[in-house]
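Dear colleague,

I am handing over the structure below, and I would be grateful if you could keep it open while you read the notes that follow it.

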Amino acid sequence: MKAAVIVFPGSNCDRDVAVALEASLGSKPLMVWHRDTQLPEVDLVVVPGGFSYGDYLRCGAMAAHSPIMREVKARADAGARVLGICNGFQIITEAGLLPGVLMRNAQLKFICKDVHLRVENDRNDFCRYYRTGDVVRFPIAHAEGNYFVDPQTYREMEDNGQIAFRYCDAKGNVAPEFNPNGSLGNVAGVYNEKKTVLGLMPHPERLAEDLLGGADGKLMFDSLVEALS
Amino acid sequence: MSQITPEIIAQHGIKPDEYKLILEIMGREPNLTELGIFSVMWSEHCSYKSSKKWLKTLPTKAPWVICGPGENAGIIDIGDDQAIVFKMESHNHPSFIEPYQGAATGVGGILRDVFTMGARPIANMNALRFGDPSNPKTRHLVAGVVAGIGGYGNCVGVPTVGGETNFHKSYNGNILVNAMTVGLADKNNIFYSAAAGVGNPVVYFGSKTGRDGIHGATMASAEFDEKSEEKRPTVQVGDPFTEKLLIEACLELMNTDVIVAIQDMGAAGLTSSSFEMASKGGLGVELDLDQVPMREDGMTAYEIMLSESQERMLMILKPGKEAEAKAIMDKWELDFAIIGTLTDTGRMVLKRHGAIVADLPIDPLAQASPEYDRPWVAPSKQPVIPAEQVEAVDPVSALKTLLGCPDLASKRWIYQQYDHMVMGDTVQRPGGDAGVVRIHGTNKAVAITTDCTPRYCQADPHEGGRQAVAEAYRNISATGAVPLAVTDNLNFGNPEKHEIMGQIVEAIKGMGQACRELDFPVVSGNVSLYNETQGTAIQPTPAIGAVGLLDDVTKHMTVAFKAGGNHIVLLGETKGWLGSSLYLREVCGREEGAPPPVALHRERRKGELVRQLIQDGQVLACHDISDGGLLVAVAEMAMPGSIGASIEAPASVPLHAWCFGEDQGRYLLEVGQDDLVAVLEAAQEHDCVARVIGKTGGETISVGGASVSVAELRDINEGWLPAFMGAEMSGH
């Protein structure tokens with residue numbers, strides 16, 4: 001598998017996700033600067049977390065119009081896997097790769113903590129090492145993770161298995177009190193129709209090593225390597 | 001006609017004697033620009049004129065110290081050609097006036113001090129003091145400061161891994177916001193600020209200069225009065241996105257061979273940075289202010305020189321390297337301008353619109369700033385309060401009161417607003433004795449803590465100074481790390497008052513003693529004086545930021561009990577010292593009494609013992625005993641893993657004093673059955689008092705025949721701050 005990590009001005013999880021990818025892949029991913037207009041031949045494109053362009057105007061809005069994003073979109077259309085984490089989720093949503101929007105957290109604050117997530121669909125390249133219904137623990141660190149989409153689209157997404165993760169408790173119960181940001185249906189991450197693009201607010205790369213407090217996130221990178229190699 | 005009236009001189013915070021010295025140095029009357037430059041350079045904030053005499057007495061050397069005080073930050077060697085660069089700095093006055101921007105730019109400023117030297121920032125900490133929770137401004141200030149620290153630190157992508165927060169009425173009119181940054185540098189690629197090379201270009205880069213922050217340093221050098229909020233325009237506005245670009249651009253630039261010297265523009269902006277660089281290099285400098293990138297038209301020389309606009313840097317380039325440097329700044333979309341050259345005149349000459357607008361000698365300004373030996377009186381000692389004279393409240397209800405009091409209540413509401421995991425190396429998150437951050441790509445880690453107990457410093461600044469250093473030493477040791485060096489952030493009231501000056505002198509003496517005894521040199525620091533409002537001073541707060549090194553990160557120790565059925569070992573002696581304790585203040589409503597003394601020689605031995613036991617894998621959990629005493633420490637070990645403890649108190653000390661006395665130099669260890677004998681023997685070999693005081697296990701903490709569930713304690717501990725802030729963030 002070949003992977004690329006897009007670097008925008010203000011990205012700050014680019015190194016973290018590169019480290020996690022390297023641990024699963026055995027080689028370093030390519031780091032691609034936002035002003036590049038060419039994307040190398042890769043199987044996976046990661047749009048990392050951070051504060052691209054300072055999140056001024058609206059989260060992800062400016063990065064979504066970066067030269068490189070046209071290439072990312074074209075590559076996604078051609079079937080490459082795209083993973084957007086946190087700010088990356090905001091960017092690829094703004095760029096139209098995924099339905100919906102990410103609004104300010106319901107309690108209007110940045111929040112950094114571990115959360116439990118229920119895996120909603122394991123039949124894709126991101127989650128083949130998880131089982132549907134599994135509970136995993138990833139950290140969140142965001143102020144704008146409140147996912148929203150219109151009711152019609154939401155129903156279609158549910159029917160089509162496009163909900164990737166929902167916030168839950170340690171036992172997998174999905175309820176409003178376990179929702180850290182007010183997102184619709186406790187949604188933490190979503191797929192495109194073909195399940196080739198995943199955007200999620202929690203950071204799998206931050207708990208991909210036991211020394212840091214857990215390794216649930218590592219399985220996502222292992223899964224991608226397994227599927228795309 | 002004289003331009004400079006006594007009113008103008010006074011508005012600039014310059015004393016009549018100081019103005020006489022200015023006339024002597026200049027040989028003529030200064031113009032307004034020149035006077036403004038003198039006023040910021042000689043402000044307490046920039047010149048340390050009241051504290052310098054005493055700061056010089058602090059120990060600053062050790063074989064592992066690469067750079068002590070005097071540069072942008074201190075530097076220590078951590079082996080493998082790597083160095084740690086760190087400093088703590090206050091942003092107290094601006095944070096009170098405009099909490100969000102004041103705190104945010106405090107973080108930005110301390111980050112720049114560190115990456116200016118060639119280090120990538122790897123961790124932030126902060127030590128905060130707010131007024132009484134019942135004060136109507138406190139909630140607003142907490143919300144603003146925390147949001148500001150988070151807003152800045154989160155965006156630049158540096159984890160905030162710990163800190164401390166206290167509340168006390170003495171901070172009602174003067175909160176303290178002390179921010180610390182720790183960075184990692186290549187030992188062979190460190191950058192300093194001394195200019196060199198006559199004719200070399202002086203380059204400005206970063207953000208544009210605006211009218212914000214003019215006279216911030218002067219504001220930070222005066223007492224507050226009821227009109228202080230009118231000073232809001234002197235608070236700067238931060239742009240963390242630009243700071244992030246600046247970090248990346250600087251580090252990229254530093255990997256090329258173009259820089260002679262570099263300095264950030266902090267307090268007193270272009271004035272202070274250009275003077276310091278020229279002065280350290282023994283050179284002169286000529287600046288064409290027309291070349292300075294400006295945000296608005298029509299700025300005067302005075303405004304350009306005194307602006308404290310953020311995210312700006314000044315550097316001296318090697319000749320012919322301008323294009324190479326500019327290409328990197330262009331990549332990061334940062335302003336870049338050659339604004340002058342180095343000269344051999346020893347003078348600073350400023351031009352605006354083609355005319356010379358200031359011409360000042362550099363050394364007298366930068367180095368011969370006034371230094372005062374301010375008169376002081378030693379604070380009177382408070383009596384020792386015997387435990388028998390302190391009301392005995394039953395341990396369970398006292399424990400509940402203490403765990404829910406503002407100083408001990410969980411600070412989760414605060415640190416959950418800080419990204420403490422970005423950069424992927426945070427091994428110990430906030431909430432323990434110290435933050436532990438792995439050195440990227442290695443098996444080493446640094447432990448970082450900030451400590452000070454202001455109520456001890458109020459009762460006895462000398463003992464309080466010693467204790468702040470000793471507690472930092474303990475917190476580092478409790479993680480298994482070897483304590484290496486400290487940075488100090490000295491926050492006091494008005495030094496022109498003899499009793500306040502006495503606090504400063506005694507605290508510094510105490511700190512110096514402890515640092516010497518513990519081989520714990522001071523490598524950087526900052527002084528914030530005039531923390532007074534309408535004559536009321538803050539409690540003396542000499543905050544200590546400390547760094548230690550773990551050679552093997554996998555052996556780092558945490559405070560949480562790991563399992564039931566293990567022994568709880570108390571290291572150190574317990575006499576039940578209640579003077580100036582939290583128990584006395586929170587349970588009995590008394591703020592008095594001599595604080596617990598620190599025995600420095602034993603402190604060192606105990607630290608070595610604890611580190612050895614951790615290294616040898618004989619300890620399962622470790623926590624130093626500090627605020628609130630032994631039973632509070634037990635609860636803090638019980639709550640994270642929901643594992644209770646049964647504690648047996650000795651009959652020799654009154655129960656309330658044994659549970660809540662704040663005797664110094666103590667640790668609690670969780671030890672398995674198989675290691676107990678070895679641990680007790682090792683303690684004996686180190687001449688340390690150690691005894692088993694109970695066992696882990698169950699869902700309650702029991703002592704003296706009473707018990708309370710760990711879950712209830714956690715609810716109390718987690719409940720106070722969210723309830724106070726009216727927020728709904730939960731602890732799941």
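Which residue in strand 11 of chain A is the bridge partner of Val82(A)? Please bear in mind, as you look for the answer, that this is a predicted model. The partner is Val197(A), and the pair belongs to the connection between strand 4 (residues 81-85) and strand 11 (residues 197-200) of chain A, two strands that run parallel and are joined by 4 bridges. As a reminder, strands of a sheet pair through backbone hydrogen bonds, either in the parallel or in the antiparallel sense.

These two strands of chain A sit within an open sheet of 9 strands, whose order is 2-1-3-4-11-10-9-6-7 and whose pairing is mixed. At the edges of this sheet are strand 2 (30-33) and strand 7 (135-142) of chain A, each of which pairs on one side only. From one strand to the next, the twist averages 25°.

Taken as a whole, chain A contains 5 helices and 11 strands, and its C-alpha trace spans about 45 × 35 × 35 Å along the principal axes. Its radius of gyration is 16 Å, which agrees with a compact globule, because a globule of 229 residues would have a value near 17 Å. Of the 229 residues of this chain, 55% count as buried. If one takes the contacts in chain A between residues at least 6 apart in sequence, 75% of them join residues at least 24 apart.

Chain B has 25 helices and 28 strands, and its C-alpha atoms fill a box of roughly 85 × 50 × 45 Å when taken along the principal axes. For this chain, too, the comparison with a globule can be made: with 732 residues a compact globule would have a radius of gyration near 27 Å, and chain B, at 26 Å, agrees with that. Buried residues make up 62% of the 732 residues in chain B, and among its contacts between residues at least 6 apart in sequence, 85% join residues at least 24 apart.

Within chain B, strand 11 (residues 335-343) is a convenient place to look at the pairing, since two partners can be described for it. With strand 7 (residues 201-206) of chain B, strand 11 pairs in the antiparallel sense over 6 bridges, and there the bridge partner of Val203(B) is Ile338(B). With strand 9 (residues 284-288) of chain B, strand 11 also pairs in the antiparallel sense, over 4 bridges, and Leu342(B) in strand 11 stands opposite Val285(B).

As for the interior, the largest nonpolar core has 318 residues, and those with the most contacts inside it are Val469(B) and Val634(B). Leaving aside residues up to four places away in sequence, Val634(B) touches Ala645(B), Ile647(B), Leu668(B) and Ile701(B).

Finally, where the two chains meet, 26 residues of chain B are in contact with 24 residues of chain A. On the side of chain B that touches chain A, helix 8 (138-156), helix 10 (240-254) and strand 14 (426-428) of chain B each supply at least two residues. By residue type, this side of chain B divides into 12 nonpolar, 10 polar and 4 charged residues.

With kind regards

Technical notes:
Residues numbered from 1 in each chain as written. Chains lettered and ligands numbered in written order. Predicted model: local features only at pLDDT ≥ 70, side-chain atom pairs only at ≥ 80, totals over all residues. Core = buried A, V, L, I, M, F, W, Y, C linked by C-beta atoms within 7 Å. Buried ≥ 20, exposed ≤ 12 C-beta atoms within 10 Å, placed from the backbone. Contact = placed C-beta atoms within 7 Å. Pairing = 2+ DSSP bridges. Axes fitted to C-alpha atoms, helices over the stretch in contact; angles between N-to-C directions. Nonpolar A, V, L, I, M, F, W, Y, C, P; charged D, E, K, R; others polar. Rg over C-alpha atoms; globule rule 2.2 N^0.38 Å.
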